[in-house]
Amino acid sequence: MKILVVGGGGREHALCWKIKQSPLVGKLYCAPGNAGIADVAECVDIGAEDVPALVDFAIEQAIDLVVVGPEAPLVAGLSDRLRAIGIPVFGPSSAAAQVEASKAFTKALCDRANIPTARYGKFTDPADAKAFLDELSPPYVLKADGLAAGKGVVIPETREAAESEIDEMMSGKFGEAGKTLVIEEFLKGEEASVFALCDGTTAMPLIAAQDHKRAFDGDEGPNTGGMGAYSPTPVAGHAVIRKTMDEIVMPAIRTLAAEGTPYSGVLYAGLMIGEDGPRLIEFNARFGDPECQILMMRMLSDIVPYLQACATGELGQMPPISWHGSAAVTVVMAANGYPGSYEKGTEIKGVEDANTLDQVTVFHAGTKRGTSGELLANGGRVLNVTAKGNSYREAIDRAYQAVDRIDWPGGFCRRDIGWRALKASG
């Protein structure tokens, strides 16, 4: 098979790394890729959002399957264009990808499908948004309706801070994404991510993971795209995953199919798990990043037949995926200043040394090669240092041992990734 992976981050490196292991794969391309992906796939200089060029490339190379990593090309209609010309694609249509592209779309879907979620309101006028705060208690959850690179959620602790944030968000803090605002009640509990493969009518649960959104140790600082993750997740065991499938994922899949918008690809349910069980925070239309990295590390099965089955509507014929019983953790190394302004082009050394450690893989996110072949930072989140172990402690220790072999003065990481798992496991 010839497979094209679209994207150039840590998630796509992990997908390429796993896909490359399949005996079914003859040629693997990635567009645009990064310095690490270049070790396992042929990188193609086409941007992930350049839909016409991606379609042309898929035709020219007679690609058998396209795997779309990030959400933006899905929302832009890449899957629709490919399906229209008969090229199988792993990823939802533009219409179905609205589950991520619009928070308001998802909240309305929850209403129609009776999916447990937070009470909410949708607003385009700041005065109306502020008035809705009267109906809630602090802290308040403010969400930009559109895509904001994982940073469009703000949780002010006070009414004054919430009103100020409403003004900022609706005045362009997140561009067009924040012109419509969703305000939700604050849900109490512990967050986790549950993933399911879908082919339009059938869904298959994967394992759960938990990520760390805040930039700094102790869950302090601003929200980011994710500073680390681990799996399995003590708070989301088999019973919670089953309940999530029965009450959240399958009602969404059935409703979308009934409305003429079948969902295929991976559906990512971001959950708040409290005393009443899981409630939906948000859907995403792709694998989480950095959760994908640990899912790929723990997956025993060949992923390619499952990606293909989702693309061709044959997921119901597939056996359950097999998983390593071990724990896995990934630590994100980010450029100093992230998620604010940061410098690109700083040199990174020691990644090859880190990769020599047992059960450690360093997935590249924002990297590129310099003119002399040196490894350079080329983004905010730059490396995902990922490790497996027989226990959380062993996996975490391995990951940080690898982190300490990487020489990058221009970057930082959290030093407490997995603390909830350690606490839960005693």
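Two strands are taken to pair if DSSP finds at least two bridges between them. On this basis, the predicted model contains an open sheet of four strands, in which the order is β6-β9-β7-β8 and the pairing is antiparallel. The edges of this sheet are formed by β6 (120-123) and β8 (153-154), each of which pairs on one side only. Within the sheet, strand β7, covering residues 141-144, runs antiparallel to strand β9, covering residues 181-184, and four bridges join the two. One residue-level example of this pairing is K143, whose bridge partner in β9 is V182. The sheet is also accompanied by a helix, since α8 (residues 159-173) lies across β6, β7, β8 and β9, and the direction of α8 is at about 0 degrees to that of β7.

A second open sheet is made of three strands in the order β18-β21-β20, and here too the pairing is antiparallel. In this case the edge strands are β18 (347-348) and β20 (367-369), each pairing on one side only. Strand β21 (residues 375-377) runs antiparallel to β18, to which two bridges join it, and the bridge partner of I348 in β21 is L375.

Strand β14, which comprises residues 228-231, pairs with two further strands. With strand β11 (residues 203-211) the pairing is antiparallel and extends over two bridges, whereas with strand β17 (residues 327-335) β14 pairs in the antiparallel sense over four bridges. Residue Y230 of β14 takes part on both sides, for it stands opposite Q210 and has V329 as its bridge partner in β17. As regards the direction of the side chains, G228 and Y230 point one way from β14 while A229 and S231 point the other way, and all of these residues are buried.

Turning to the packing of helices, α1 (residues 10-20) and α10 (residues 291-298) pack with their axes 8 Å apart and at an angle of about 15 degrees. Because angles under 35 degrees count as roughly parallel, α1 is described as roughly parallel to α10. The crossing in which α1 passes α10 is left-handed. On the side of α1 the contact involves G10, R11, A14, L15, W17 and K18, and these meet C292, Q293, M296 and M297 of α10. Sorted by class, the residues of this contact comprise six nonpolar, two polar and two charged. The spacing of contact residues along a helix may be read with a general rule in mind: an α-helix has 3.6 residues a turn, so residues three or four places apart point the same way. Helix α10 is, moreover, largely enclosed by the rest of the structure, because eight of its eight residues are buried; these are E291, C292, Q293, I294, L295, M296, M297 and R298.

The packing of α6 (residues 103-113) with α9 (residues 238-258) is described by an angle of about 95 degrees and by axes 10 Å apart. Since angles of 65 to 115 degrees count as roughly perpendicular, α6 and α9 are therefore roughly perpendicular to each other. The residues that make the contact are F105, L109, R112 and A113 from α6, together with P251, A252, T255 and L256 from α9. By class, six of the residues in the contact of α6 with α9 are nonpolar, one is polar and one is charged.

Two individual residues illustrate how buried positions are surrounded. L74, which is found in helix α3 (residues 71-75), has a relative accessibility of 1% and so counts as buried, the cut-off for this class being under 20%. When residues up to four places away in sequence are not counted, L74 touches V68, S79, G91, P92, S93, S94, A97 and A285. By contrast with these contacts, the C-alpha atoms of L74 and F123 are separated by 25 Å, the two residues being 49 residues apart along the chain.

H364, for its part, has its place in strand β19 (residues 360-364) and is likewise buried, with a relative accessible area of 4%. Once its neighbours within four places in sequence are left aside, H364 is in contact with G9, G10, H13, N34, A35, G36, V351, L375, V382 and L383. Among these contacts, G10 also belongs to the residues of α1 that meet α10, and L375 is the bridge partner of I348 in the three-stranded sheet.

How values were computed:
Residues are numbered from 1 along each chain as its sequence is written. This is a predicted model: local features need pLDDT of at least 70, side-chain atom pairs count only at pLDDT 80 or more; totals for chains, interfaces and linings use all residues. Side-chain values use heavy atoms; hydrogens and water are left out. Contact means heavy atoms within 4.5 Å. Axes are lines fitted to C-alpha atoms, for helices over the stretch in contact, and angles run from 0 to 180 degrees between N-to-C directions. Angles under 35 degrees count as roughly parallel, over 145 as roughly antiparallel, 65 to 115 as roughly perpendicular and the rest as oblique. A crossing is left-handed if the near helix is turned anticlockwise from the far one by less than a right angle, and right-handed if clockwise. Ala, Val, Leu, Ile, Met, Phe, Trp, Tyr, Cys and Pro count as nonpolar, Asp, Glu, Lys and Arg as charged, and the others, Gly among them, as polar. Buried means under 20% relative accessible area, exposed over 50%, partly exposed in between (1.4 Å probe, protein chains only).
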